[in-house]
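This report describes the model shown below, taking its domains, its ligand surroundings, its helix packing and a few single residues in turn.

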Amino acid sequence: MSADGAPPDETPRVLLVDPYLAKEDPMERKFVELYPSLGILTLAAYLRRHGVEVAVVDLTFARDTRPVAAAIRAFRPAVVGVHTKTLTMGRALAVARLAKEAGAFTVAGGPDAATRPETYLSAGFDAVAVGEGEATLLELSQVVVTGGAPRSIPGLAVLDGERVVRGPPRPFLSSLDELPLPLWEAIDLEQYLSTWQGSTGERRMAVLTSRGCPFDCAWCSKPTFGRTYRQQSVGRVLDELRELKDRYRVDYVRFCDDVFGIQRSWLEELLDRMIEEKLDLQFECLARVDLLKPDLLARMRRAGLARVYVGVESGSQKMLDAMNRGTKLAQVERAAEALRREGIRQYWFLMLGYPGETVEDISETLRLFRKFSPEEYSISIAVPVPGTRFYDAVKDRLTGSTRRRKSSNGGRALLYEAVYPESLYRWAQARFEFEASLSRARGKIAPPVLRGLEDAADALDRRIVTPILLGGNTEPPAA
Ligand code: B12
Ligand code: SF4
């Protein structure tokens, strides 16, 4: 019996919270595109399908955490689950405090808590879900309402005194088609869509068609799905696209897969069906250059491909090999040329400061960038993320204040003792920015003048700035 004499309500009530607050993200205005957390929306849909009462508080557009307190009062959840990213840890803990004051059981999940459960547990969470969350959260919520002990639930970590006790690993769902459509109605999706409409004219939404990635880049952290890979069926993806289009008038989709369309036959079938069914959606995705085969691109464009994020990373084959990218420069060139021919926007990811990189490797990257002038790009300084081979290789040389490490510094700070000082990488980033401005000016400036400016920038770099930044020592560093 409960305190008021009523029989205990055994239907679990779970409140899920995304503590990301866009207005407090220093990178938001510049880099971040706003989409709701697909993790939260899928967890909510899965729980509801299994008889759990669910509510979601998405703080993305909020001013502070007050909506969480209001939801806790109104919904009286037995469990409060919080999605975590490194950037939002402080607010995740604030949510946990509010929930515990109201007597709820608190559980954290998502990439940050999964990487360091002990930090979240010792800071106040009752449990941390590591890995795929759906089945773990369902089991936890059932155990909590029946008064059981959450100690040995697969995929869950809890504290026993000061000791972290982990349940056995949670097996992955055998098929992603088991997952219901995300529970879009649990949040104010229209706020995202109209924000996008205001800035681009399109009603954009994120969609995920797979989980995991089978590749093995040495700096990539894959805290949730590891090096596994599961793909939804084409039919399931089309259901989601149709629903978004019909219910929410979405006309532009961002496929958020780590790498979109890894299986060629699957991708071809999806593209053909999108074309046949006249879905009339534009889309963007993240791809690897080895998968962006020129003969596929025309079909991708016809199906609506407008922009591709391409993991180019470096213009030096030596560095691509050091990163274990598994890609060749010839593939980068072939993909970049084909994208340009098809009129598909390319957004390049480039990285500086990976161990072993010399100023000559940086120049090779700049030459590649100059040759193809991608419409958009980001050039970050390599961030050693715990759990990666890159991190293990430099963990004795970590630098940088805790504050810089915790913030989403946008790849602008050097966080380990690399071969060159941070100023060299900052200068290199500025050179790429200058190069991008020159490329935007193409067509407005006469070609000889443009070439003159490029040569002047190269000379300034080679003869003056780099030698000064390196204290006169421009010898390649020892590997
Ligand atoms: C798509 C994506 C984006 C999109 C959409 C973001 C969004 N709103 O979700 C965009 C481009 C906008 C974006 C932005 C950012 N992103 Co991002 N993003 C991704 C990406 C590629 C996929 C996320 C996704 O949808 N996964 C699929 C879902 C199903 O998985 P999931 O969210 O992990 O959830 C599952 C489990 O983790 C768990 N779970 C999650 N939450 C909870 C909560 C509870 C209670 C429980 C029990 C379980 C649980 O269960 C879920 C279902 O199985 C990931 C990389 C990756 N593969 O995960 C990076 C990633 C999540 N992003 C990252 C970062 C850093 C950011 C930014 C902070 C970047 C910045 N500011 O510079 C911003 C933050 C913006 C935001 N709104 O939070 C990092 C987070 C690292 C970290 N430790 O914090 C990741 C892991 C990439 C990386 N390896 O660095 N991102
Ligand atoms: S960087 Fe991309 S391709 Fe490489 S392992 Fe990570 S997700 Fe896969």
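## Domains and ligand surroundings

The shell around ligand 1 takes at least three residues from each of domain 1 (13–166) and domain 2 (176–447), the bounds of which come from an automatic or database domain assignment. The model is a predicted one, in which local features need pLDDT of at least 70 and side-chain atom pairs count only at pLDDT 80 or more, while totals for chains, interfaces and linings use all residues. Residues are numbered from 1 along each chain as its sequence is written, and chains are lettered from A and ligands numbered from 1 in the order in which they are written.

Ligand 1 has 39 residues around it, of which Gly-39, Gly-81, Lys-85, Gly-109 and Gly-133 come nearest. A residue is placed near a molecule if its C-beta atom, placed from the backbone, lies within 6 Å of that molecule. Two or more residues of this shell come from each of α1 (38–49), β3 (79–83), β4 (105–109), α4 (111–115) and α6 (134–145). Helices (H or I, at least four residues) and strands (E, at least two) are DSSP runs, numbered from the N terminus. The most is given by α1, with four residues. By class, the shell around ligand 1 contains 17 nonpolar, 15 polar and seven charged residues. Here Ala, Val, Leu, Ile, Met, Phe, Trp, Tyr, Cys and Pro count as nonpolar, Asp, Glu, Lys and Arg as charged, and the others, Gly among them, as polar.

Which residues are around ligand 2? They are Cys-213, Phe-215, Asp-216, Cys-217, Cys-220, Asp-258, Val-259, Arg-288 and Gly-311. This shell has five nonpolar, one polar and three charged residues.

The C-alpha centres of domain 1 and domain 2 are 27 Å apart. Across the boundary, 27 residues of domain 1 are in contact with 26 residues of domain 2, two residues being in contact if their C-beta atoms, placed from the backbone, lie within 7 Å. On the side of domain 1 that touches domain 2, α1, β2 (53–58) and α4 each supply at least two residues. The most comes from α1, with eight residues. By class, this side of domain 1 has 18 nonpolar, four polar and five charged residues.

## Helix packing

Two packed helices are described by the angle between their axes and the distance between the axes. Axes are lines fitted to C-alpha atoms, for helices over the stretch in contact, and angles run from 0 to 180 degrees between N-to-C directions.

Helix α9 (residues 264–276) and helix α10 (residues 294–303) have axes that come within 8 Å and cross at roughly 40°. The crossing of α9 and α10 is left-handed, a term used if the near helix is turned anticlockwise from the far one by less than a right angle, with right-handed used if clockwise. Leu-271, Met-274 and Ile-275 of α9 make the contact with Arg-299, Met-300, Arg-302 and Ala-303 of α10. This contact has five nonpolar, no polar and two charged residues.

Helix α10 also packs with helix α12 (residues 329–342), at an angle of about 35° and with the axes 10 Å apart. The crossing of α10 and α12 is right-handed. From α10, Pro-294, Leu-297, Ala-298 and Arg-301 take part, and from α12, Arg-334, Ala-338, Leu-339 and Glu-342. By class, the contact of α10 with α12 has five nonpolar, no polar and three charged residues.

## Single residues

Arg-254 is in strand β11 (residues 252–255). Is Arg-254 buried or exposed? Arg-254 is buried because 20 other C-beta atoms lie within 10 Å. A residue counts as buried if 20 or more other C-beta atoms lie within 10 Å of its own, exposed if 12 or fewer, and partly exposed in between, with C-beta atoms placed from the backbone. Not counting residues up to four places away in sequence, Arg-254 touches Tyr-35, Arg-204, Ala-206 and Glu-284.

Leu-181 lies in the loop between β7 (163–166) and α7 (189–200). With the same exclusion of residues up to four places away in sequence, Leu-181 touches Ala-45, Asp-239, Glu-240 and Glu-243.

Two residues other than glycine have a positive phi, and the table gives their values and places.

| Residue | Phi | Place |
|---|---|---|
| Arg-76 | about 45° | loop between α2 (66–75) and β3 |
| Arg-249 | near 55° | loop between α8 (234–248) and β11 |

Arg-76 counts as partly exposed because it has 13 C-beta neighbours inside 10 Å. Arg-249 counts as exposed, with 11 C-beta neighbours inside 10 Å.
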